[in-house]
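Visitor: Please take me on a close look at a single helix and what lies around it, and then show me how other parts fit together. I am new to this, so plain words would help.

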Amino acid sequence: MLAVGALAVLPLCALAVWGDEHSFSIDPERNCFLKDGKPFQYISGSIHYSRVPRSYWRDRLNKMYMSGLNAVQVYVPWNFHEQVQGVYEFDGERDVEYFLNLANQTGLLVILRPGPYICAEWEMGGLPAWLLHNPNIILRSADSDYLQAVSNWMAVLLTKLRPWLYQNGGNIISVQVENEYGSYFACDYNYLRHLRTLFRFFLGEDVVLFTTDGNTDKELICGTLEGLYATIDFGTDTNITTAFKRQRRFEPKGPLVNSEFYTGWLDHWGDKHAAVETQKVSRMLEDMLSLGASVNMYMFEGGTNFGYWNGADYDSRFRSVVTSYDYNAPLSEAGDPTDKLLAIRDVIKNFRDVPVGPMPPASPKMAYGFVTLKKVGNISGLLDTLCPQGPVQSHHPLTFEEMKHYYGFMLYRTILPRNLPEPTPLISPMNGIHDRAYVSVNGVYQGMMERDVTLVMNVTGRAGDQLDMVVENMGRVNFGNKINDYKGLLGNLILGNDVLTDWLIFSLDIDVMIATGWPQAGWMDIPPEPKSEGGRGPAVYSGTLQPTGLAWDTFIKLSGWTKGQVWINGVNLGRYWPQRGPQQTLYVPGSLLSPTVPNNITVLELEYAPEHGRVLFMDRPQLNNTRAQS
């Protein structure tokens, strides 16, 4: 164990200072937090309500409480609540106040991280895609359009959350301003000052406001501001003494805080499944707690990137985050306790009383077996259903943002300008396909183009033939300097020597249709399926899982399928890509299933479907099987 003296910092908080009830503050003389006037050290874990079904919030919070935590750390993703500008959603799965209330009932304090930017491997770092309507906007800066949008949002959110502050009788003990701002290029102190003023105006002068930044001088220089308490984040590969000495240089007095102690890590498609050794996590946690540091474990329960909510990174190329956010965390994606959790609880026992009683068990899982799906039709033949408003005509391609269709898929259609008897290159000269395009001519699948990877493919056909490109948004970049991540066709395409023009652009409202019961409810309206194309190219498949009398968690595996999206009873589970990996199964919460009526399964396969058409429901996940990239 690391000796306390090794840090050579000011004395740790040891003496009680009695004060008013329901107060939370920083004591700079004793280098600690004070809760109700008494010294306080938090041992916290991150959980994202947007990644866990509402029906399981209580279960996950209870398991965190029984692990010995006294707090949870929570992000608020702006785009989860304001998908359309000016339309605020706080009901159902988005009911953040209900989540806070459950945490309060469970006995957990809350460290709130309302952004406006959150990173979190979440779509665009939580920023709404409609911000990109202004092509010149500088996100995360004092840009006037950006600040106006932020101010409007915070006026709604912070007003709603102010009653939940600890000093107001709630359970929010501290609030983070922005997120790891020092890692962003802008380094705009006027932006941080605006946020500080905004947060103080809506939350009052008493709440503890803080920042979190990575463990480098550059990040802390650009990410900190007077009046916002500076904390750091680091994982098991970092020297604790060095890290906290760096925090001390920027925050000479007050508690030591690791706001993100990494229990695991994220996965991108094509990566190996990330893992961090349990022994390293538990040993380092003990060392930090021995120093009196307050620690938040990121993540404690990872959850799932349902729907289209996964983010992406851009370093040397675009890399999309997988659907599972299991994170190798102490609670699994399905909320099951792991050996890592038990080891962490054993450490926490040395520092505070852990609740008496057994750890709640893993939820029951069911292997429901195989279900055979039938082809409903190719996307190009279902446009009357999936785009009932019809296409937009444009001389040049329009982006998802210009079409105000922010997530999922769009179909771009034009005609071949001349006969192409020989394979002719179709080129995206400016790497302008964001992020994948599935190309057909007269309904016959030709192949795929991919951002940064496949910028050219060959096409044959005759003048006047119909060229269709289904373009997939794989999730906007959530970290770094490329978060202005426009989607769709961002520039002209060249076919041989011709620039392709005169496009029909279809916004595919597939989620809206499936949520209303299609295709199962509208099967008779579907035109006969042409036989020529088989299982190639973007197409919808459908089937039902018959009721068993049970509605237990399960995992769906799509062996032989290539890449696409899955819906169960109208709910978008997320992306599958077994050909790329590492994730081979998608988590299906039992709360989505009916024990008494048939459960609708809908699959959008984008490339190649297997002849057998089967999917398999298993009782355990497979998250670590990476294939070679094709």
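Guide: Let's start with helix α1: its buried residues pack against β4, β5 (71-75), α3, β11 (294-301), α9 (339-348) and β32 (585-588). Here a helix is a DSSP run of H or I with at least four residues, a strand a run of E with at least two, both numbered from the N terminus. This is a predicted model, in which local features need pLDDT of at least 70 and side-chain atom pairs pLDDT 80 or more, while totals for chains, interfaces and linings use all residues. Residues are numbered from 1 along each chain as its sequence is written, and side-chain values use heavy atoms, leaving out hydrogens and water.

Which residues of α1 are buried (under 20% relative accessible area with a 1.4 Å probe, protein chains only; over 50% is exposed, in between is partly exposed)? They are W57, R60, L61, K63, M64 and M66. An α-helix has 3.6 residues a turn, so residues three or four places apart point the same way. Just after α1 comes G68, with a positive phi of about 105 degrees.

One partner of α1 deserves a closer look. The axes (lines fitted to C-alpha atoms over the stretch in contact, with angles from 0 to 180 degrees between N-to-C directions) of α1 (residues 57-66) and α3 (residues 96-106) come within 10 Å and cross at roughly 35 degrees. The crossing is right-handed, meaning that the near helix is turned clockwise from the far one by less than a right angle. From α1, W57, R58, L61, N62 and Y65 meet Y98, F99, L102, A103, Q105 and T106 of α3, where contact means heavy atoms within 4.5 Å. These residues divide into 7 nonpolar, 3 polar and 1 charged. Ala, Val, Leu, Ile, Met, Phe, Trp, Tyr, Cys and Pro count as nonpolar, Asp, Glu, Lys and Arg as charged, and the others, Gly among them, as polar.

In the loop between β4 (43-47) and α1 sits H48. H48 is buried, at 3% relative accessible area. Beyond its neighbours within four places in sequence, H48 touches Y75, A120, Y298, M299, E301 and Y325.

Another helix pair is α4 (residues 144-161) with α5 (residues 189-203), whose axes lie 10 Å apart at an angle of about 25 degrees. That makes α4 roughly parallel to α5, since angles under 35 degrees count as roughly parallel, over 145 as roughly antiparallel, 65 to 115 as roughly perpendicular and the rest as oblique. This contact has 12 nonpolar, 3 polar and no charged residues.

Now for some strands. In β7 (residues 172-176), 5 of its 5 residues are buried. β7 pairs with β6 (residues 109-113) in the parallel sense over 3 bridges, where pairing requires at least two DSSP bridges. Across that pair, I111 stands opposite S174.

Elsewhere, 4 strands form an open antiparallel sheet in the order β22-β18-β25-β26. β22 (456-461) and β26 (498-499) are at the edges with a single partner strand each, so one side of each has no neighbour in the sheet. β18 (residues 420-427) and β22 are joined by 5 bridges, with I427 opposite V456.
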